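The following exercises ask you to read a predicted model with care. Each task is followed by a solution that goes step by step.

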Amino acid sequence: MNEVQTFVLEDSGIRGALVRLEETWQRVVAAHEYPPEVRALLGEGVVSTLLLATGLKATPSVSLQLQGEGPLKLLLVQCTDGQRVRGMASFKSYSEGTPLLGEGRLVVNLDTGKPDGFFQGIVPLTSGKLEECIESYFAKSEQLDTRLVLRADAQRVAGLLLQVLPGHGEERAVEAFETAAACAATVSVDELTSAAAEELLPKLFAGQSIRLFSARPVEHDCRCTPERLAGVVRMLGADEVKSLLAEQGHVELKCEFCNRAFRYDDAQVDAIMRGTAQASSAVH
């Protein structure tokens, strides 16, 4: 499964979303040798970003960024069109079992693509668990009761989001949300990563009227295209480019997401700077 699927618990005024990834997730981490704990946290970050995107209309761009003083220095996930993702993590040496998140902050950027449609939320990291940090973000930035359940095994990552719909904040709805959240917390790794939504949701939320929407595919999309790379070379400026060519005989760019290195010689750099060629090159 590589999909995102939304649903509504119609009797309770609760919206929900499911994300399950396997091949797409494997492509995100394929070129990196992340330790298991970093790999798992990045998986949770990718799933959380996709879940964040389900709450926006049209085709949003969403980014989630963790910056901390613990072993994890930076985690960045970007999602475009609501379903195209890439992610990376930067960390320093640590002992196995050491909590990755220290003091730091969670930054969420939402871009709806419309005029005045860019929003940024910044909240402190309130927990060593990413799902609790995301819940805190929703509570502070959007004042919406939200519950996340994140699960992963060696090959797959998955997530479930529940959120009270606006206008359903009355006491009965709050009680219904707490009940639904307690039910969601019982889901196993195998159920959340593998079971079809048509089977899983009625089992978790027995007796609820569930409106399930069509699943949408999730794809890995690094976006280190020749056009973007040419722009990066130009952004370095003529002086910096000349210095690199003099020192190294080439200009090399490395994509932090897919871990590919792109190398350009004098002729290629000259063509890029004059705007007569794209940043095509051999990959190393």
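**Exercise 1.** How many residues lie between strand 4 and strand 5 in their hairpin, and which residue in the turn has a positive phi?

*Solution.* Begin with the pairing: strand 4, residues 72-80, and strand 5, residues 84-91, are antiparallel to one another and are joined over eight bridges. One position to check along this ladder is V77, which stands opposite G87 of strand 5. Then turn to the connection, where three residues separate the two strands of the hairpin and D81 in the turn has a positive phi of about 55°.

**Exercise 2.** Establish the order of strands in the open sheet that contains this hairpin, and explain what sets its edge strands apart.

*Solution.* The sheet is open and consists of six strands in the order 7-6-3-4-5-12, with mixed pairing. Strand 7 (118-124) and strand 12 stand at the edges, and because each has a single partner strand, one side of each is left without a neighbour in the sheet. The mixed character can be followed through individual pairs: strand 3, residues 61-68, runs antiparallel to strand 4 and is joined to it by six bridges, with Q65 standing opposite L76 of strand 4. Strand 5 and strand 12, by contrast, run parallel and are joined by two bridges, and in this pair R84 has E219 of strand 12 as its bridge partner.

**Exercise 3.** Is D221 buried or exposed, and which residue's side chain makes a polar contact with the side chain of D221?

*Solution.* Locate the residue before judging its surroundings: D221 belongs to the loop that connects strand 12 (219-220) with helix 7 (226-236). Its relative accessible area is 15%, which lies under the 20% limit, so D221 counts as buried. If residues up to four places away in sequence are set aside, D221 touches T80, R84, V85 and R86. With R84 there is also a polar contact between the two side chains, at 3.2 Å. R86, another of the residues that D221 touches, lies over the face of F257, at 3.9 Å from the ring centre.

**Exercise 4.** Why is the pair formed by the rings of F91 and Y94 edge-to-face?

*Solution.* A pair of aromatic rings is described by the distance of the centres and the angle of the planes. The count of such pairs in this model comes to four. For F91 and Y94 the centres are 6.4 Å apart and the planes stand at 80°, so the pair is edge-to-face, the angle being over the 60 degrees that this class requires. These two residues form one aromatic cluster together with Y34. As for solvent, F91 is partly exposed, with a relative accessible area of 29%.

**Exercise 5.** Which residues of helix 6 are buried, and which exposed residues does the face turned away from them carry?

*Solution.* In helix 6, residues 197-204, the buried positions are A197, L200, L201 and L204. They cover an arc of only 90° around the axis, which means that they lie on the same side of helix 6. The face turned away from this buried side carries E198, E199 and K203, which are exposed.

**Exercise 6.** Which residues of strand 13 make up its covered face, and which its uncovered one?

*Solution.* In a regular strand the side chains alternate between the two faces of the sheet. In strand 13, residues 251-254, V251 and L253 form the covered face, while E252 and K254 form the uncovered one. Strand 13 pairs with strand 14, residues 261-264, in the antiparallel sense over four bridges, and V251 has Y264 of strand 14 as its bridge partner. Six residues lie between the strands of this hairpin, in which N259 takes a positive phi near 70°.

Note on methods: Residues numbered from 1 in each chain as written. Heavy atoms only, no water. Phe/Tyr/Trp six-rings, centres within 6.5 Å; stacked < 30°, edge-to-face > 60°. Buried < 20%, exposed > 50% of the residue type's maximum accessible area, 1.4 Å probe, protein only. Lys NZ or Arg CZ within 6 Å of the ring centre and 35° of its normal. Polar contact = N/O pair within 3.5 Å; in protein donor to acceptor, adjacent residues only side chain to side chain. Contact = heavy atoms within 4.5 Å. Pairing = 2+ DSSP bridges. Arc of directions from axis to C-beta.
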